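Work through the exercises below with the sequence and the structure side by side, and try each task before reading its solution.

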Amino acid sequence: MALVIADRVRETSTTTGTGTLTLGGAVAGYQTFSSGIGNGNTCYYAITLGSDWEVGLGTYTSAGTTLSRDTILASSNANAAVNFGAGTKDVFVTYPADKAVFNQIQPPNAVALAIVIQLGKQCGG
């Protein structure tokens, strides 16, 4: 079971409640969880339905095409599992902001611009 991060993975689901989702197929222009994540692997997911939403860590299982909701990271339900009602939910792979790793690098011209501004001040500009 590996953590997989993939682009353009999006399906729908009509599952209700707080449990495992049965996935209903890829949205046009996107790939399925089976293609992008693979059987038995985990991924960060998001589920949306109207103003209800949930972001978490789940496991995709190809038998039954399901996505378990193993760990809820954030939600519209005070960061607990959302009890989704009837309707078609969007279910997609995401990369949660609080899990993101980035290195803020100054653009190459930012340092030169700062030097020019400081020199301008010192020269009476």
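## Exercise 1: The overall layout

The chain has 2 helices and 6 strands, and the coordinates come from a predicted model. Task: state in what order the elements of the chain run from the N terminus on, and describe how the chain is divided between buried residues and exposed surface.

Solution. Begin at the N terminus and follow the elements, which come in the order β-β-α-β-β-β-β-α. Next, turn to burial: of the 125 residues in the chain, 31% are buried. The surface that the chain exposes comes to about 7,300 Å², with carbon and sulfur atoms supplying 54% of it. Finally, consider contacts between residues at least 6 apart in sequence, of which 56% join residues at least 24 apart.

## Exercise 2: The nonpolar core

Task: find which residues touch the most other members of the largest nonpolar core, and which element gives the largest share of this core.

Solution. The core has 17 residues, and those touching the most other members are Phe33, Ile37, Leu67 and Val91. Two or more residues come from each of strand S3 (42-49) and strand S6 (89-93), and S3 gives the largest share, 4 residues. To see the surroundings of one core member, take phenylalanine 33 and set aside residues up to four places away in sequence; its contacts then include Val9, Leu23, Cys43, Tyr60, Leu67 and Val91. As a general background to this exercise, nonpolar side chains in soluble globular proteins tend to be buried together.

## Exercise 3: Two residues of strand S3

Task: decide whether threonine 42 is buried or exposed, do likewise for isoleucine 47, and list what each of them touches.

Solution. Threonine 42 lies in strand S3, and because its relative accessible area is 10%, under the 20% cut-off, threonine 42 is buried. Beyond its neighbours within four places in sequence, threonine 42 is in contact with Met1, Ala2, Leu3, Val4, Ile37, Leu57, Gly58 and Thr59.

Isoleucine 47 also has its place in strand S3, and with a relative accessibility of 0% isoleucine 47 counts as buried. When residues up to four places away in sequence are not counted, isoleucine 47 touches Leu21, Asp52, Trp53, Glu54, Arg69, Phe84, Lys89, Asp90 and Val91. As a last step, look at threonine 12: although 35 residues separate it from isoleucine 47 along the chain, their C-alpha atoms are 9.1 Å apart.

## Exercise 4: The salt bridges

Task: determine how many salt bridges there are, and say for the residues of each pair whether they are buried or partly exposed.

Solution. The count comes to 2 salt bridges. One of them is formed by the side chains of arginine 10 and aspartate 90, with an N to O distance of 3.2 Å. This pair links distant parts of the chain, since arginine 10 is in strand S1 (residues 10-13) and aspartate 90 is in strand S6, 80 residues apart. Arginine 10 is partly exposed at 23% relative accessibility, and aspartate 90 is partly exposed with a relative accessible area of 23%.

In the other pair, the side chains of arginine 69 and glutamate 54 meet at 2.6 Å, N to O. Here arginine 69 belongs to strand S5 (residues 66-75) and glutamate 54 to strand S4 (residues 52-61), with the two lying 15 residues apart. Arginine 69 is buried at 11% relative accessible area, and glutamate 54 is buried at 0%.

## Exercise 5: The partners of strand S5

Task: work out over how many bridges S4 and S5 pair, and how many bridges join strand S2 to S5.

Solution. S4 and S5 pair in the antiparallel sense over 8 bridges, and within this pairing glycine 56 has isoleucine 72 in S5 as its bridge partner. The two strands form a hairpin with 4 residues between them, and in the turn glycine 64 has a positive phi of about 90°. Strand S2 (residues 21-22) also runs antiparallel to S5, joined by 2 bridges, and leucine 21 stands opposite leucine 67 in S5.

## Exercise 6: A patch on the surface

Task: identify which residues make a nonpolar surface patch of about 420 Å², and place valine 101 in the chain.

Solution. The patch is made by Leu3, Ile5, Tyr95 and Val101. Valine 101 lies in the loop between S6 and helix H2 (108-122), and at 74% relative accessibility valine 101 counts as exposed.

Conventions:
Residues numbered from 1 in each chain as written. Predicted model: local features only at pLDDT ≥ 70, side-chain atom pairs only at ≥ 80, totals over all residues. Heavy atoms only, no water. Buried < 20%, exposed > 50% of the residue type's maximum accessible area, 1.4 Å probe, protein only. Contact = heavy atoms within 4.5 Å. Areas by Shrake-Rupley, 256 points an atom, 1.4 Å probe, with all protein chains shown as cover. Core = buried A, V, L, I, M, F, W, Y, C linked by side-chain atoms within 4.5 Å. Salt bridge = Lys/Arg side-chain N within 4 Å of Asp/Glu carboxyl O. Pairing = 2+ DSSP bridges. Patch = residues over 30% accessible without salt bridge, like charges linked within 9 Å, V, L, I, M, F, W, Y side chains within 5 Å.
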